[in-house]
Amino acid sequence: MPALKKTALTVTSAALLSTFLVSPASAVGRDTSDDRPKPPSDMSRVGGELLGRPGTQVDLGPDAPVLPKDLTGRSWIVADAESGQVLASHNSHWRLPPASTLKMLFADTLMPALQPKTQEYTVKDEDLAGVGEGSSLVGIKEKLSYTVHDLWLGVFLRSGNDAVHVLSSMYGGVPKTVDAMQAHAEELQALDTKVVSPDGYDAPDQVSSAYDLTLFARSGLQKADFREYCSTAEAQFPGAEKKGKRESFAIQNTNKLLTGAAGVDPYKGIAGVKNGYTTHAGNTFTGVAERDGKVLLVTVMNPSSEEAHAVYKEAASLLDWGFDASGKVTPVGELVPPKSATTGAGSGKGPAAEQGKGEGRNGPAQNAKAAAAGDGSGGVGVALGIAGGALVLLAGAVFLVNRRWPLPDLVRRLPRR
């Protein structure tokens, strides 16, 4: 990697800079008060040496737009969903409580095993015994039956911890689920993540990072069912049985960039993925959006701004920046493929193994990383689909190096309010 140049980021000079910038937190409008927690001085270097450094990492070209100046997230990342290139990041490997964004890992881990999605399960009292106090719930009741499809809608739309625990019971129990999630995180090289509860409920030592959450989203989006559920705006959910007939009620996705809310407009081209909130995590959000054939992933963790819905507004501003900056910045890192990834030469190993050792010698990959994708998805509110015939689904959804991941081709736009 070429020698780095340190240059102060200012409003007047940033647009003219083409050298590498490691901007201080204050340069992009962050809260630098002494009572704010500080990131570790040395973090994981998975994905590139620069991603292990505290502060903002961005390499602006001469025509690149400056980063938004109102960002307060403790950690964030903007990446190309197809190539895996990280366009900019801020403390992206800072290990922080993930809240319900951890449900992306839960879904990516269990979804292939819980098939077909039409199978029904009758909920037992013990299935809901471990749901934490104050959890978000979709409204599952004991002694009633639900399909796997119903339960995944409850996970993604209402972030229902009750649905997570029922699906965990179907998988073999919470401990088995946690172990499987941890193993899958390690396979994805999401080494900042420690799983304690499958639903993201606050638990001692449960952490992830903006980098890892983005890996979970990117892996999950290879699955047609995952794409369907995370992009569904509204659905009907089974309710109580009355007079021998099963009632239903409407549920809406809590992702406000998907559905809109007071002060938040739906983001054009948004297609999921997951939001979260707990007392210790604050607000967290990972989103995927497409514009003019470019697909970006963004994750924002724990903004300090007291503005309502700050996590969505900061994510939207980073997406806007990413689309404007695409092709005008030099990537500062990459989203690595899983350990089991194969290369075009069939080596069976991804290029990130040495990065995971923290030696800091590996810079951004020059070759695009890609993922094998399933067939096009359908269903209510589906926003992401795969162009048919380009790639076949490989066992284990392994990633292919030196080939683009054909994520776009949005099959329908979500209805706008």
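Me: At what angle do helix α3 and helix α4 pack, and how far apart are their axes?
Reply: Bear in mind that this is a predicted model. Helix α3 (residues 161–171) and helix α4 (residues 174–187) pack at an angle of about 90°, with 8 Å between their axes. Angles of 65 to 115 degrees count as roughly perpendicular, so α3 and α4 are roughly perpendicular to each other.

Me: Which residues make that contact?
Reply: From α3 you have His165, Ser168 and Tyr171, and from α4 there are Val174, Lys176, Thr177 and Ala180. By type, the residues of this contact split into three nonpolar, three polar and one charged.

Me: Is Pro175 in α4 buried or exposed?
Reply: For that, look at relative accessible area: over 50% is exposed. Pro175 lies in helix α4 and has a relative accessible area of 59%, so Pro175 is exposed. Pro175 and Val196 are 21 residues apart in sequence, and their C-alpha atoms are 8.8 Å apart in space.

Me: Let's go inside. Which residues have the most contacts within the largest nonpolar core?
Reply: The general idea is that in soluble globular proteins, nonpolar side chains tend to be buried together. Here the largest nonpolar core has 67 residues, and those with the most contacts inside it are Ile140, Trp152, Phe156, Leu167, Phe216 and Phe226. Helix α2 (residues 148–158) gives the most to this core, namely seven residues. There's also a second, separate core of 29 residues, including Val58 and Val298.

Me: What does Ile140 touch, leaving out residues up to four places away in sequence?
Reply: Its partners are Val123, Leu128, Tyr146, Leu151, Asp162, Ala163, Val166 and Phe237.

Me: Zooming out, what share of the chain is buried?
Reply: Buried residues make up 58% of the 417 residues in the chain. The chain has eight helices and 14 strands. Of the contacts with a separation of 6 or more, 68% come from residues 24 or more positions apart.

Me: Why can strand β3 be called largely enclosed?
Reply: Count its buried residues, meaning those under 20% relative accessible area. In β3 (residues 73–80), eight of the eight residues are buried, so the strand is largely enclosed by the rest of the structure. Helix α1 (residues 103–110) gives a similar reading: eight of its eight residues are buried, so α1 is largely enclosed too.

Me: Which strands are joined to β3 by bridges?
Reply: Seven bridges join β3 to β11 (residues 294–303), and the two run antiparallel. Val78 stands opposite Val298 in β11. Four bridges join β3 to β4 (residues 85–90), again antiparallel, with Trp76 partnered by His90 of β4. The β3–β4 hairpin has four residues between the strands, and Gly84 there takes a positive phi near 85°.

Me: What backbone geometry should I check by eye?
Reply: Most residues other than glycine have a negative phi, and most peptide bonds are trans. Against that background, Asp292 has a positive phi near 50°, and Asn302 has a positive phi near 55°. Asp292 lies in the loop between β10 (282–291) and β11, and at 76% relative accessibility it is exposed. Asn302 is found in strand β11 and, at 12% relative accessibility, is buried.

Me: Where are the cis peptide bonds that you'd point out?
Reply: One joins Gln115 and Pro116, with omega about -5°; Pro116 is in the loop between α1 and β5 (120–122). Another runs from Gly272 to Val273, with omega near 25°, and Val273 is found in strand β9 (residues 270–278).

How values were computed
Residues are numbered from 1 along each chain as its sequence is written. This is a predicted model: local features need pLDDT of at least 70, side-chain atom pairs count only at pLDDT 80 or more; totals for chains, interfaces and linings use all residues. Side-chain values use heavy atoms; hydrogens and water are left out. A nonpolar core is a set of buried Ala, Val, Leu, Ile, Met, Phe, Trp, Tyr and Cys residues joined through side-chain atoms within 4.5 Å. Buried means under 20% relative accessible area, exposed over 50%, partly exposed in between (1.4 Å probe, protein chains only). Contact means heavy atoms within 4.5 Å. Axes are lines fitted to C-alpha atoms, for helices over the stretch in contact, and angles run from 0 to 180 degrees between N-to-C directions. Angles under 35 degrees count as roughly parallel, over 145 as roughly antiparallel, 65 to 115 as roughly perpendicular and the rest as oblique. Ala, Val, Leu, Ile, Met, Phe, Trp, Tyr, Cys and Pro count as nonpolar, Asp, Glu, Lys and Arg as charged, and the others, Gly among them, as polar. Two strands pair if DSSP finds at least two bridges between them.
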